[in-house]
Amino acid sequence: MLLEGKVAVVTGGTRGIGRAVVEKYLEHGAKVVLWGSREETVNKAVSELKSQNSSWEVSGMYPDLTDAKAVEDAVLAVKEQYGSIDILVNNAGISHSTPLYNYTAEDFDKILKLNVSALFYAILPTAKIMKEQGGGVIINTSSMVSISGQTSGVGYPTSKFAVNGMTISLARELAKDNIRVNAVAPGVTKTDMVAALPEAMIQAISATIPLGRPGEPEDVANAFLYLASEMASYVTGEILSVDGACRV
Ligand code: NAD
């Protein structure tokens, strides 16, 4: 048990990578508050997890991540209910592969708002709580496209480059408060987000993965477990690639 008694918030925790992180943290003794976009999917995820293991301490919330006040209120409600927030995983995100000439300003603003601004909205009140309690861990979800860019859908890689910048900068700023800030950069991982990409794009990417397969959500969740645990006590400001050495 690497996270015994820790309190974790995981955004986008209802499915995909976030859901795998929630399960991994619960298996390792954390109390987890999973956040999702809709009441129905959040309640379904929580009840499925409780039926998987009735001793797991898991609950759910569905604040609008693009509303700074709603996010702050949700963070304060977690602190009120659990007494602390030890781990914040900013995982919710959206992707578009729209070519530039079909892109709109609204598309661009929407992706930046959820993939970048929402992280800031969650980190600000949480970091204040972590500072007061003597430390904590923040882990953001980046992407392999934060290293290589991508050939279509400019808003998504732009957002993930920004996630890396936020991660590295806050790691340096918050180290004095014993708050570690890292990111995990998944490669092609078998979730709904990948299923939504054009088939030709999935095949082209899969063919270039040196380890010969796409990642499973659990491959990525293992990195989130390591970074949240004391095993990573001297690791901060790191963008940890979990991508089978894919560099497209
Ligand atoms: P997914 O689509 O399966 O899950 C996305 C999660 O984000 C869901 O829980 C959803 O409820 C939540 N979400 C989406 N829009 C939201 C909104 N407006 N408000 C609140 N929550 C919202 O995707 P995934 O593949 O598990 O992606 C999770 C993270 O991993 C994302 O940040 C994504 O950019 C990143 N990522 C995924 C891959 C991949 O290949 N799957 C690769 C690199 C990075």
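# Exercises on a predicted model

Ser146 sits in helix H5, which spans residues 145-148. The model is predicted, and the exercises below work through single residues and the ligand site.

## Exercise 1: Ser146

Task: Classify Ser146 as buried or exposed, and find which side chain it makes a polar contact with.

Solution.
- Step 1. Place the residue. Ser146 belongs to helix H5.
- Step 2. Take its relative accessible area, which is 5%.
- Step 3. Apply the cut-off: buried means under 20%. Ser146 is therefore buried.
- Step 4. Look for a polar partner. The side chain of Asn164 makes a polar contact with the side chain of Ser146, at 2.8 Å.

## Exercise 2: Asn140

Task: Locate Asn140, classify it as buried or exposed, and give the side chain that a polar contact joins to it.

Solution.
- Step 1. Strand S5, residues 136-141, holds Asn140.
- Step 2. The relative accessibility of Asn140 is 0%, so this residue counts as buried.
- Step 3. The side chains of Asn140 and Asn90 are joined by a polar contact of 3.0 Å.

## Exercise 3: The ligand site

Task: Describe the surroundings of the ligand, starting with which residues come nearest.

Solution.
- Step 1. Find the shell. There are 26 residues around the ligand, and Ile17, Asn91, Tyr156, Thr189 and Thr191 come nearest.
- Step 2. Sort the shell by class. It has ten nonpolar, 13 polar and three charged residues.
- Step 3. Check the polar atoms. A polar side-chain atom of Thr191 is 2.5 Å from an oxygen atom of the ligand. For Asn91, a polar backbone atom lies 2.8 Å from an oxygen atom of the ligand. For Thr14, an N or O atom in the side chain is 3.0 Å from an oxygen atom of the ligand.
- Step 4. Work out the cover. On its own, the ligand has 820 Å² of accessible area, and the protein covers 90% of this.
- Step 5. Identify the space. The ligand takes up the largest pocket.
- Step 6. Assign the shell to elements. Helix H1 (16-27), helix H6 (155-174) and helix H7 (192-195) are the elements that give two or more residues to the shell. H7 gives the most, with three residues.

## Exercise 4: Backbone angles

Task: State what is notable about the phi of Asn178 and of Ala245, and say where each residue lies.

Solution.
- Step 1. Recall the background. Most residues other than glycine have a negative phi.
- Step 2. Asn178 is not a glycine, yet its phi is positive, at about 60 degrees. Asn178 is in the loop between H6 and strand S6 (179-186).
- Step 3. Ala245 is not a glycine either, and its phi is positive, at about 70 degrees. Ala245 is in the segment after strand S7 (239-242).
- Step 4. Add the accessibility of Ala245. Its relative accessible area is 45%, so Ala245 is partly exposed.

## Exercise 5: Sequence against space

Task: For Met201, Tyr103 and Val71, give the element or loop, the accessibility class, and a C-alpha separation.

Solution.
- Step 1. Met201 is in helix H8, residues 199-206. With a relative accessible area of 21%, Met201 is partly exposed. Its C-alpha atom and that of Leu34 are separated by 31 Å, and the two residues are 167 residues apart along the chain.
- Step 2. Tyr103 is in the loop between strand S4 (87-90) and helix H4 (105-133). Its relative accessibility is 13%, so Tyr103 counts as buried. From Tyr103 to Ile147 there are 44 residues in sequence and 22 Å in space, C-alpha to C-alpha.
- Step 3. Val71 is in helix H3, residues 68-82. Its relative accessibility is 0%, so Val71 counts as buried. Val71 and Ala185 are 114 residues apart in sequence, and their C-alpha atoms are 24 Å apart in space.
- Step 4. Check the classes against the cut-off. Buried means under 20%. Tyr103, at 13%, is therefore buried, whereas Met201, at 21%, is partly exposed.

Definitions and conventions
Residues are numbered from 1 along each chain as its sequence is written. This is a predicted model: local features need pLDDT of at least 70, side-chain atom pairs count only at pLDDT 80 or more; totals for chains, interfaces and linings use all residues. Side-chain values use heavy atoms; hydrogens and water are left out. A residue is near a molecule or strand if one of its heavy atoms lies within 4 Å of it. A polar contact is a pair of N or O atoms within 3.5 Å; within protein, one must be able to donate a hydrogen and the other to accept it, and residues adjacent in sequence count only if both atoms are side-chain atoms. Accessible areas come from the Shrake-Rupley method with a 1.4 Å probe; for residues, only the protein chains shown count as cover. On a 1 Å grid over the protein atoms alone, a cavity is a set of points where a 1.4 Å probe fits but cannot get out, and a pocket is an open set with protein on both sides within 12 Å along at least five of seven lines; lining residues have an atom within 4 Å of a point. A molecule sits in a cavity or pocket if more than half of its atoms lie within 2 Å of its grid points. Helices (H or I, at least four residues) and strands (E, at least two) are DSSP runs, numbered from the N terminus. Ala, Val, Leu, Ile, Met, Phe, Trp, Tyr, Cys and Pro count as nonpolar, Asp, Glu, Lys and Arg as charged, and the others, Gly among them, as polar. Buried means under 20% relative accessible area, exposed over 50%, partly exposed in between (1.4 Å probe, protein chains only).
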